[in-house]
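I opened a notebook for a structure that was new to me. The entries below record what I looked up, in the order I took it.

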Amino acid sequence: MRSWFVLGVLSLVACGNDREVEESECKSDRDFFEQKVWAQVMGKVCVRCHTLAGPAAEENARFLLQPPAYPGFLDINFQKATEVALIEIEGTSELLLKPTNAVEHGGGLLFEAGSEEHAILQEFVKRTASPTSCTDQAVPGFDDVAMLDGPQTLRKALLELVGRLPTPAEREAVEAAGPDFEGALDQVLDAAMQEDAFYARMSELWNDVFLTDRFLTFTGRATNLLNTTDWPNAANMGAYWTGLSATDRERTNTAVAREPLELINYIIRNGKPFTDVVTATYTVVNPYSAQIYGVGITFPDPTDTRDWRETQLTVSRDGLTTPWPHAGILSSPMWLNRFPTTATNRNRHRARMVYRDLLATDILAIADRPIDAATATAYLNPTREDPSCKVCHAQIDPIAGSFQKWNANDQEQWQPAANWFPEMYPPGFEGEVIPSSDFVRALPWLGDHIASDPRFSVAITRHLFKGLTGQAPAVYPQPTDASFDAKRTAFLAQEGVLAEIARNFVAANYDLRVAIKGVVHSPYFRADRALGPLTDSRAIELADLGTARLITPERLARKVEAVTGAPWVRYDRRDNLTTDYRIAYGGIDSDAIVERLTTPNGMMSGTSWRMANEVACVTTAWDFSRPPAERNLFPSVAIVDVPEAMGTPSADGAAKIRAGIVHLHQQVLGETLAPDDPEIDRTYDLWLETWREGKAAVTGGQASQTLLSACRARVDPRTGTTLPPEQQIDRDPDYTIRAWMAVLTYLLADYRFLHS
């Protein structure tokens, strides 16, 4: 079993100590800083001024704290506080003199010498001079939580990643490994993550971040964004476009719109480091987008939409063919259009997205402060002179300058001769200015610096964590929160898991599959239930554990097909959940609706009930029409199996029905139950009551022996083709098919099927 909770969950501080401290009372310097210095002093008092957005920054104070919105803020602040604590004025630490106003302090008197706050800082100063030799306090583990076992984790992971159930061989391999199943599970997942379905799942996950599927809302939306000076074939009224069939136009638009997502898939598929997402000196095209971009690649099958090839785009400038300055998705025409700029915004929106999506940093939260618009008029250049403005602009404007070569009116038009605005902060990253010789490749320069920033691995890990568990990463609680201790424990536990996943991700040369497996193995993916009663505090600590979350319409569509063997489709064979009911069931369109719903509402409840009824109707008789060995739902039961005949109980019939119900619970809900389990009893009672009432109605002439038209087995629901006459099922004289339909509806509508 992997150990997720080790001493020193964030950082290990172990140094020599001249003071003797009993082990039972030992608290590391890092823990003391967080629990005492930050929680009771700096997080309440000092942070009001000593941040990038505070008055202390305006006075060029060297002691600046990062707020909880900044990744790793505790470790950074611990280091900063340690540095200041070692600065002495006439033998006394500056950390003690300033807040008591013993020496000039811009913030004045914060607390008196001898106060509790002063005593805490005194202890911290002593610790910096003589570091404590003990480890950080261990974060509680999860011994009181039941985790999914190997086969259960396998089923959940495969449904999540590739939308299918385990094969018998996969299940047997993981079962055979016993409690130490991680290695066997990894082997199965490594193979599964080569399947086409895995890359479809990755497209969904990363589109939830970058939202470039916005340009799939109608055919021509993506291609129409491209400037026709560089790419004449993109003209929607041009000869090339008008000469395409409706099908080819849709495929072409999809190819252009999905370029950034397919670039991500290409990086994963070919084992390239995931840093290529921002550093790749190439992009990818398929036969359709290659025609738009004028790329001279010969494809064996010019209609194969899945054949993506690596290439470098070129454009004509001053009569010369010039290579496109690729920087992964950052230089993608679709990313540039999805996060556009204007003549006044000057790429600042793009800079904010870089911080948020690629560096796990909400720059607006970090630099948040009240702004008086009236005072800005007192400055000739407010963004660099007004303290209320420059605190944020000093961070985002250099990154904005990295996009200087793109036209503000035609988002993806590259203009190598364009220059940056001299009144703005010079292009760069985190205090480093781009050399003038690199201005022409400013965006690749930025991509390289993003990839080497430790926050990049944090950002990617957080995206995977949210995508695979449905939980947004925890945030550090406010010190004034009544549940601070419990929420702090929950934060540290999760932070430790994510930090380990990120470290392994980096150590594996940014192999995304390593990070994915890390999330799957974690308790945040595998937690099932508490083993006993929980205290209020422990309930808060475990609140975000496990993934009992409503699954997305796309994943539910795949789960329906995986479990029943057939999709839930509409008249044109397109899936209901990804077309008509996508938004109704809480999905997104990447345009006006960009946040998925996680709490069911009335419309979503109605959709799930309709799905359960219609899928049960379509698949029950059809499954019975197939040979038993090919059935998904009823491999061990027959239509003629009944629990009684002419009022005489049939033990054999009842046993077969119970066995069929046991299989359905395993197939639909993934639970292995005994035939006499109370849950099986309840489902059996539903079958029996439905059958008795229906059989009586058929016998009495109140109900027909013929199934409703939609529920007959006449068409293969997978393909829409007509079944052979000998395989068709129209009638249900014993009412057993309809009894099984009731049971299947009941299970498909179960929250355990609709949630992950």
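The notes go from the whole chain to single residues.

**Entry 1: the whole chain**

I noted at the start that this is a predicted model. The protein chain has 756 residues, and 53% of them count as buried. I then looked up the secondary structure and found 31 helices and 12 strands. Along its principal axes, the C-alpha trace spans about 105 × 75 × 50 Å.

**Entry 2: aromatic pairs**

How many aromatic pairs does the structure hold? The count is 27. I took W206 and F210 from these: their ring centres are 6.2 Å apart and their planes meet at 20°, and since stacked means under 30 degrees, the pair is stacked. Both residues belong to helix α9, which runs over residues 196–210, and they sit 4 residues apart, about one turn of the helix. Are they buried or exposed? W206 has 1% relative accessibility, so I put it down as buried. F210 has a relative accessible area of 5% and is buried, because the limit is 20%.

Next I looked up W231 and W324. Their ring centres are 5.5 Å apart with the planes at 50°, so this pair is tilted. The two residues come from distant parts of the chain, 93 residues apart. W231 is in the loop between α9 and α10, while W324 is in the loop between β7 and α15. W231 counts as buried at 1% relative accessibility, and W324 counts as buried at 4%.

I also noted a cluster. Ring pairs link W38, F73, Y476, F484 and F491 into it.

**Entry 3: charges over rings**

I looked up arginines that lie over ring faces. R269 lies over the face of Y199, 3.8 Å from the ring centre. R338 lies over the face of F339, at 5.8 Å from the ring centre.

**Entry 4: the second largest pocket**

How much space lies in the second largest pocket? I wrote down about 1,600 Å³. Its lining is made by 39 residues, and those nearest the pocket centre are A200, D213, L216, T254 and R258. Which elements give two or more residues to this lining? They are α9, α11 (246–257), α12 (259–269) and α26 (553–564). Helix α9 gives the most, with 7 residues. By class, I found 9 nonpolar, 13 polar and 17 charged residues in the lining.

Helix α9 therefore appears twice in my notes: W206 and F210 lie in it, and it gives the most residues to the lining of this pocket.

**Entry 5: R251**

I picked R251, which lies in helix α11. At 33% relative accessibility, R251 counts as partly exposed, because the range for that class runs from 20% to 50%. I also checked its distance to R441: the two are 190 residues apart along the chain, and their C-alpha atoms are separated by 32 Å.

**Entry 6: helix α22 and the residues after it**

Helix α22 covers residues 484–507, which makes 24 residues. From its first C-alpha to its last it reaches 34 Å, close to the 34 Å expected at 1.5 Å a residue. N509 follows α22 and has a positive phi, near 60°.

Y510 also has a positive phi, near 60°, and is a residue other than glycine. I noted this because most residues other than glycine have a negative phi. Y510 is placed in the loop between α22 and α23. With a relative accessible area of 17%, Y510 is buried.

**Entry 7: E90**

What is the sign of phi at E90? The value is positive, near 55°, in a residue other than glycine. E90 is in the loop between β1 (88–89) and β2 (92–93). Is E90 buried or exposed? At 82% relative accessibility it counts as exposed, since the limit for that class is over 50%.

**Entry 8: A173**

The last residue I looked up was A173, in helix α7, which runs over residues 168–176. A173 is partly exposed, with a relative accessible area of 39%. In sequence, A173 and P151 are 22 residues apart, and in space they are 9.2 Å apart, C-alpha to C-alpha.

Methods
Residues numbered from 1 in each chain as written. Predicted model: local features only at pLDDT ≥ 70, side-chain atom pairs only at ≥ 80, totals over all residues. Heavy atoms only, no water. Phe/Tyr/Trp six-rings, centres within 6.5 Å; stacked < 30°, edge-to-face > 60°. Buried < 20%, exposed > 50% of the residue type's maximum accessible area, 1.4 Å probe, protein only. Lys NZ or Arg CZ within 6 Å of the ring centre and 35° of its normal. Expected span 1.5 Å × (residues − 1). 1 Å grid on protein atoms, 1.4 Å probe; cavity = no way out; pocket = protein on both sides within 12 Å on 5 of 7 lines; lining within 4 Å. Points joined across faces, edges and corners; volume = space filled by probe spheres on them. Nonpolar A, V, L, I, M, F, W, Y, C, P; charged D, E, K, R; others polar.
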